[in-house]
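Here are some notes to read alongside the model. Keep the sequence open next to them as you go.

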Amino acid sequence: MADQALVLGFETSCDETGIGLVRGHTLLADALATSMAEHERFGGVVPEIASRAHLEAMVPTVHRALADAGVTAADVDAVAVTSGPGLTGALLVGVAAAKAYALALDVPLYGVNHLAAHVAVDELQHGPLAEPSIALLVSGGHSSLLLVPDLARDVESLGRTVDDAAGEAFDKVARVLGLPFPGGPPIDRAAREGDAAAIAFPRGLTGPRDAPYDFSFSGLKTAVARWIEARERAGQPVPVADVAASFQEAVADVLTAKAVRACRDHGVDHLVLGGGVAANSRLRALAEERCAAAGIVLRVPSPKLCTDNGAMVAALGSRLVAAGVAPSSPDLGADSSLPIDVVSR
Ligand code: KG4
Ligand code: ZN
């Protein structure tokens with residue numbers, strides 16, 4: 001359907017340079033360059049290294065996306081870019097590049113929220129999102145429960161982490177287990193051989209008087225570290241697979257229980273998962289199980305679209321164009337702490 005706008009999306013909020021091309025809800029290209037290997041020895045993303053890598057990867061990645069989609073820059077009808085939240089320097093590279101393309105191609109520019117884009121990406125696989133939906137957004141920097149009455153204009157925060165993000169907890173626990181960074185995928189793999197009931201790790205903020213939709217993973221992370229220390233002091237081997245499985249179970253249990261509760265409390269029967277941690281196999285399986293039991297329709301993008309990419313930005317841009325939302329002004333900047341309820345700016 002060539003009557004729908006062709007949207008070019010730019011994602012540079014962390015260590016992935018993502019360039020996506022979307023028409024309507026159709027994904028045409030999703031080109032990705034990552035500086036992950038350059039950060040590995042530091043055990044976390046180094047902002048200056050990420051910014052430099054975005055700069056170097058930008059133009060080749062745009063060209064790759066255009067070639068993959070079989071289009072030229074002149075075919076692009078609108079440009080969308082993550083303007084926050086994220087690392088300021090990294091965001092600025094994407095915003096500057098997107099502005100340059102929008103100006104040169106004389107097309108509108110949309111500065112979008114990275115978190116809303118993690119939700120929008122699901123539309124590329126499962127079509128228009130039911131509205132309202134509840135969204136559980138779990139990434140390396142964020143863990144949030146959202147009420148989404150209108151993805152183009154109205155996204156409301158129900159709760160968020162009070163300390164570490166879920167992905168951050170995976171990364172830190174992987175580090176104490178001697179597994180590589182980022183920690184989510186190796187923990188997911190190690191957990192397959194382990195017993196999820198081996199160790200009863202704490203479930204943060206699940207007491208009757210705790211905020212029902214807020215999360216806390218810092219106590220869990222500390223409990224895992226203490227448990228490992230105690231084993232090492234006693235001269236006993238650390239059962240990596242059991243620790244990984246029991247930790248992963250604690251995270252998946254809390255996330256899915258709170259998401260299902262948010263659906264029930266708000267009378268919403270659609271749940272969508274997004275963000276890098278939504279690639280976790282146990283989280284996906286437990287969400288499936290609990291949603292089926294509660295009569296909730298669950299939507300989860302494929303793992304590749306859960307982690308940061310340019311297609312998610314193009315997907316949200318496409319949604320904004322279709323909804324007739326006003327484009328951003330040419331002086332759009334980066335906002336490292338852009339609030340979740342600002343879908344575009
Ligand atoms: O959404 P994302 O790619 O980047 C941010 O916006 O932060 O999320 C990255 C996070 C990392 O913390 C990584 O460990 C986690 O997602 N992650 C996973 C899995 N794959 C990536 N966590 C658990 N299980 C996975 N399979
Ligand atoms: Zn992300």
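**Notes on the ligand and the fold**

1. A good place to start is Gly 276: one of its polar backbone atoms is 3.0 Å from an oxygen atom of ligand 1. This counts as a polar contact, a pair of N or O atoms within 3.5 Å; within protein, one must be able to donate a hydrogen and the other to accept it, and residues adjacent in sequence count only if both atoms are side-chain atoms. The protein covers 89% of the 560 Å² of accessible area that ligand 1 has on its own (Shrake-Rupley method with a 1.4 Å probe; for residues, only the protein chains shown count as cover).

2. Before going further, please note that this is a predicted model, where local features need pLDDT of at least 70 and side-chain atom pairs count only at pLDDT 80 or more, while totals for chains, interfaces and linings use all residues. Residues are numbered from 1 along each chain as its sequence is written, chains are lettered from A and ligands numbered from 1 in the order in which they are written, and side-chain values use heavy atoms, with hydrogens and water left out.

3. Two further contacts are worth finding. A polar backbone atom of Gly 140 is 2.8 Å from an oxygen atom of ligand 1. The side chain of Asp 188 has an N or O atom 3.0 Å from a nitrogen atom of the ligand.

4. What kinds of residue make up the shell around ligand 1? There are 5 nonpolar, 12 polar and 3 charged residues (Ala, Val, Leu, Ile, Met, Phe, Trp, Tyr, Cys and Pro count as nonpolar, Asp, Glu, Lys and Arg as charged, and the others, Gly among them, as polar). Helix 4 (114-120), helix 6 (166-176) and helix 7 (184-191) each supply at least two residues of this shell.

5. Now the whole chain: it has 12 helices and 10 strands (DSSP runs numbered from the N terminus, helices being H or I with at least four residues and strands E with at least two). Along its principal axes, the C-alpha trace spans about 65 × 45 × 30 Å.

6. Do look at the loops too. The peptide bond from Gly 84 to Pro 85 is cis, with omega near -10 degrees, and Pro 85 lies in the loop between strand 4 (78-84) and helix 3 (88-105). Another cis bond runs from Phe 181 to Pro 182, with omega near -5 degrees; Pro 182 is in the loop between helix 6 and helix 7.
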